[in-house]
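Please examine the model displayed here together with its sequence. The explanation that follows may be read alongside both.

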Amino acid sequence: MPRAAWAAAVVVLLIAALLGLRSAAAGDPPLVHNGLATTPPMGWNDYNAYGLDVTDALVRQTADRMVASGMRDAGYLYVNIDDAWMADSRDRAGNLRPDAARFPYGIKALADYVHAKGLRLGIYEDAGVKTCGGKPGSLGHEQQDADLFASWGVDYVKYDNCYAGPGCAQTSCTGGNEVPVKQRYAAMRDALVRTGRPIVFSICNWGTDAVWTWGSGYGNLWRTTADITPTYASMLSIFHASVGLVGYAGPGGWNDPDMLEIGNGMTATEDRTEFSLWAEMAAPLISGSDLVGASPATLAVLTDADVIAVDQDSLGRPGLEVSADGGLDVLARPLSNGDVAVVLFNETGTAATLTTSASRIGKTGATGYSLRDLWSGATSITTGTISAVVPAHGVVMYRVT
Ligand code: GLA
């Protein structure tokens, strides 16, 4: 980012902090903003489609497809390597090293490849003794690892929460062994800032320790729940767990309801629902799919420009649930140009009519409003009533002007 843009970003964030629009809980260290993620990050991560089988070839092929499919130009910039990219042990100097079979050319060469395509590279580590996949964690090596990532040209670090202290089990600690969570995440936050490289910091502590109440002082995004799976039930439960947390999110720090499962097994209707809800909540849009083999239908959902524009709206105010009655939910998100993005979501297993009004979604003072259906493109006019028949598990999403 040019120096002037950095300065402008810092000024904007300082003003926001002074106005009290966003604040860390009392007693937390001061906000350490890196000026990044002024809108929710967009990109891809290998884990949900490939588990621990990430390779150099996969990342390159995915980057190629992100360009060829139009995803990069739609805004998906981060190509994120997840767990198990590294060898089982550090080298003699204590440095992490990539798994020689899966990353034979090293991470720097891969970063160069990705950057040459106009994309950015993300990597994964863990705020504990080991990663969830059993590789060396960063606890006690934070600056060394951050410096290494910066030297490779890494642009994004996802920081997991397994083995959270000496003697801890993978996801649980007993006997007071856990190193306090804020201490662990602050150590990597500060190490990344000290590198001087702009690196997005993604906190992955699975929504534990009420991370949304302190996340904005520590990272650019924080997971709100345990891992998503490619089912409607999982997606729905994560939506419910996350939608009430929207007040904690804003430019520079976002709730992360985990990766998009679009193309991974839900129905076409459910895929559109996930994309609409995530955009309405101002969630990061990180595809967790096999993009190399992604179908035109999957790519069409992921690159829908109107829905992405809602997600990426510069006001950065996530949508509020204005009503939720028997599985029929209405959400409203104010946008920077005065429009409101409305999602009518039918959670239930049968089609239903959902109804709200212009005044309930925060629009008053006009005699009529135009409604643009963001998935069909159809436009209609209303004097106040906003209503649609919504299929089971589906949404109707309007931009109200
Ligand atoms: C945890 C994270 C996942 C993924 C795996 C990797 O479960 O929540 O997103 O990074 O670890 O092992």
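The paragraphs below treat the two sheets, the helices packed on them, and the ligand site.

This is a predicted model, in which local features need pLDDT of at least 70, side-chain atom pairs count only at pLDDT 80 or more, and totals for chains, interfaces and linings use all residues. Residues are numbered from 1 along each chain as its sequence is written, and side-chain values use heavy atoms, with hydrogens and water left out.

One open sheet contains 8 strands in the order S7-S6-S5-S4-S3-S2-S1-S8, with parallel pairing. Strands (E, at least two residues) and helices (H or I, at least four) are DSSP runs numbered from the N terminus, and two strands pair if DSSP finds at least two bridges between them. At the edges are strand S7 (254-256) and strand S8 (285-287), each of which pairs on one side only. From one strand to the next the twist averages 25°. Strand S1 (residues 42-45) runs parallel to S8 and is joined to S8 by 3 bridges; Gly-43 has Ile-286 in S8 as its bridge partner.

Helix H3 (residues 56-68) packs on this sheet and touches S1, strand S2 (78-80) and strand S3 (120-126), its direction making about 145° with that of S1. Contact here means heavy atoms within 4.5 Å; axes are lines fitted to C-alpha atoms, for helices over the stretch in contact, and angles run from 0 to 180 degrees between N-to-C directions. Helix H5 (residues 106-116) lies across S2 and S3, at about 145° to S3.

A further open sheet has 6 strands, ordered S9-S10-S11-S16-S13-S14 and paired antiparallel. Strand S9 (320-325) and strand S14 (379-382) each have a single partner strand, so one side of each is left without a neighbour in the sheet. Strand S11 (residues 340-346) and strand S16 (residues 395-400) pair over 6 bridges in the antiparallel sense, and Val-342 stands opposite Tyr-398 in S16. Helix H9 (residues 268-280) lies across S10, S11 and S16, running at about 140° to S11.

Which residues surround the ligand? Among them are Tyr-47, Asp-82, Tyr-124, Lys-158, Trp-206 and Arg-223, a residue being near if one of its heavy atoms lies within 4 Å. The shell divides into 6 nonpolar, no polar and 6 charged residues, where Ala, Val, Leu, Ile, Met, Phe, Trp, Tyr, Cys and Pro count as nonpolar, Asp, Glu, Lys and Arg as charged, and the others, Gly among them, as polar. A polar side-chain atom of Lys-158 lies 2.8 Å from a ligand oxygen atom.

Technical notes: A polar contact is a pair of N or O atoms within 3.5 Å; within protein, one must be able to donate a hydrogen and the other to accept it, and residues adjacent in sequence count only if both atoms are side-chain atoms.
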